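Welcome! Have a look at the sequence and the model below, and then take a walk through the inside with this report.

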Amino acid sequence: MVSKRYGRLIGLTALALSAAVVAAGCSAGGGGQNGSNPTQADNGPVNLAFSAWEFEEPGKGDAIWDALKDYHGPNNNVTVQRVGIPYANYADKIATEVGAKGGPDVFVLQDSQFSTFAAAGLLVPLDDIQKEYASTLNHTNDFGKVNGKYYGLAWEQSDYGLMYNKDLMAKAGIKIPTTYEELVAAAKEVHQKLGIWGYANRSNINELDGWTLEINNWISGFGGALSTNGKLTIDSPENVAAIKAYVDLFRSGVVPVGDSSSTLRQAFALNQVGFVIENAGVASTLTQNPKNLINGMNLGVSPLPFPNPGGHTAIILAVNKYSPHVQQAKDFVRYILSQKAQEGLRTALTDTTLATDVPLEADFVKKNPFAPEFMELGKHSTDSVIQGFAKNSRAIYNVFLTAVQGLVTNGGDVQATLTKVQDQVVNQYG
């Protein structure tokens, strides 16, 4: 069951977005570009708010800010304000603020929320910027194109791999798995030999957005998808196989159930978990903390032990339709895509794929030899948005993962459960 608190947040988000959609369609003249408030004169002082959940991450947040804080605009009259919101609250807070015709001028959005905002007309088109930088932008920017227009450009793409402590596995004589069956066997062996959890990842609907990204690795990895050719396919044979495998592993007795991602990640960092499927951003955060037992040299990363490639987190840079400083906000986006800023962000965001192909720093790779593996995985990974149902993707995942949580907790027939979900979401969303 969804908690009362989380259900309330979902309701607030839906209400905020509904209000924003109405406002977007009914705003009268007198506003600035795309119906926003008028921008100030070019030579007047401008304060821009830029929001990202990574500002709240120790070390990384300050490094990102160091790459951007000296920006003052082409007329030297812009001050950028750093707005950090914890990841757990980010999506709902941004939706509520934008729904009230407010919020930061520029923000980053996870792929599913970006799709919802773009469909609702809440973002400023960035086609002119895309054309200016077309020669340097890479494939990660393609996600920002919706119905023929660019409503966002890439902030970063963070790919998922199978992570483990190389020293720990070598000491215990445990083979690194390359198939699902080997993953189950290795997880059990870790539990038996080392007395720790064999594997860990999210399994709690209270972390819907993060869990969506993680479950996409299993769905994509088993060759499935929640929609095909514009039709929902929740109970396809591939999806049933993926969720059955997921549930069986979680019910094996060697995987913790229901713990928060922060708890699980810290346990992995301290050698209390053998294997995790995690993204590049998490890898860099954990290895940079000297208190952790996992570090840049002993962290191992390999392709997911599934027949097909897994997923990634697409994080998109966008401009708020309701910004009172649209032009200045767009100029800030231009700066973020510049070579200077991209090189600074490479230092800050380390092993993720950026909007341009700025290479990994040689010194960083020397100290973190796992990093190139993430870059390679990024060439074939998929996003988690349900194709053809982008604006309802998060809502559909909420129904889907609530059912998966029930299977993890209580067991049950996977085929029957997913067929029930299929019927429910088709009835709601077509």
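## Rings and cores

Ring pairs join Phe 50, Phe 55, Trp 65, Tyr 71, Trp 155, Phe 332 and Tyr 335 into a cluster. Please keep in mind that this is a predicted model. Two members of that cluster turn up again in the largest nonpolar core: Phe 50 and Trp 155, together with Leu 68, have the most contacts inside this core of 62 residues. A second core, separate from that one, has 55 residues, including Val 184, Ile 243, Leu 401 and Val 425.

How many aromatic pairs are there? The count comes to 22. One of them is formed by Tyr 164 and Phe 275, whose ring centres are 5.9 Å apart; the planes meet at 55°, so this pair counts as tilted. Tyr 164 sits in strand β6 (residues 153-165) and Phe 275 in strand β10, so the pair links distant parts of the chain, 111 residues apart. Are these two residues buried or exposed? Both Tyr 164 and Phe 275 are buried.

Another aromatic pair, Tyr 180 with Phe 222, is edge-to-face, with 6.1 Å from centre to centre and 70° between the planes. Tyr 180 belongs to helix α7 (residues 180-194), while Phe 222 is in the loop between α8 (208-221) and β8 (227-228), so the pair ties together parts that are 42 residues apart in sequence. Tyr 180 counts as buried because its relative accessibility is 15%, where the cut-off is under 20%. Phe 222, with a relative accessible area of 18%, is buried as well.

## Two closed spaces

Now for the empty spaces. Searching the whole structure turns up two cavities of 30 Å³ or more. The table puts them side by side.

| Cavity | Volume | Element giving the most lining residues | Make-up of the lining |
|---|---|---|---|
| Largest | about 70 Å³ | α3, three residues | four nonpolar, three polar, two charged |
| Second largest | about 40 Å³ | α10, three residues | three nonpolar, two polar, four charged |

Which residues line the largest cavity? They are Trp 53, Tyr 87, Tyr 90, Ala 91, Gln 110, Ser 112, Gln 113, Asp 209 and Arg 394. Helices α3 (87-99) and α4 (111-119) each provide at least two residues of this lining.

Around the second largest cavity you will find Ala 200, Asn 201, Arg 202, Glu 214, Ser 261, Leu 264, Arg 265, Val 276 and Glu 278. Here the elements that give two or more residues are α10 (261-269) and β10 (273-279). Strand β10 is also where Phe 275 of the tilted ring pair is found.

## The largest pocket

The largest pocket holds about 1100 Å³ of space. Its lining is made up of 42 residues, and those nearest its centre are Glu 57, Tyr 87, Ser 261, Arg 265 and Val 282. Some of these names are familiar: Tyr 87 also lines the largest cavity, and Ser 261 and Arg 265 also line the second largest cavity.

Many parts of the chain take part in this pocket. At least two lining residues come from each of α1 (4-26), α3, β6, α8, α10, α11 (280-287) and β12 (312-319). Which element gives the largest share? That is α11, with five residues. By residue type, the pocket lining divides into 13 nonpolar, 17 polar and 12 charged.

## Two buried residues to look up

Strand β6, which helps to line the pocket, also holds Asn 165. With a relative accessibility of 3%, Asn 165 counts as buried. What does its side chain reach? The side chain of Asn 165 comes to 3.1 Å from the backbone nitrogen of Leu 168. In addition, the side chains of Asn 165 and Asn 271 are joined by a polar contact of 3.0 Å.

Finally, find Gly 310 in the loop between β11 (299-302) and β12. Gly 310 has a relative accessible area of 9%, so this residue is buried. Its C-alpha atom is 8.0 Å from that of Ile 219, although Gly 310 and Ile 219 are 91 residues apart along the chain.

Definitions and conventions:
Residues numbered from 1 in each chain as written. Predicted model: local features only at pLDDT ≥ 70, side-chain atom pairs only at ≥ 80, totals over all residues. Heavy atoms only, no water. 1 Å grid on protein atoms, 1.4 Å probe; cavity = no way out; pocket = protein on both sides within 12 Å on 5 of 7 lines; lining within 4 Å. Points joined across faces, edges and corners; volume = space filled by probe spheres on them. Nonpolar A, V, L, I, M, F, W, Y, C, P; charged D, E, K, R; others polar. Phe/Tyr/Trp six-rings, centres within 6.5 Å; stacked < 30°, edge-to-face > 60°. Buried < 20%, exposed > 50% of the residue type's maximum accessible area, 1.4 Å probe, protein only. Core = buried A, V, L, I, M, F, W, Y, C linked by side-chain atoms within 4.5 Å. Polar contact = N/O pair within 3.5 Å; in protein donor to acceptor, adjacent residues only side chain to side chain.
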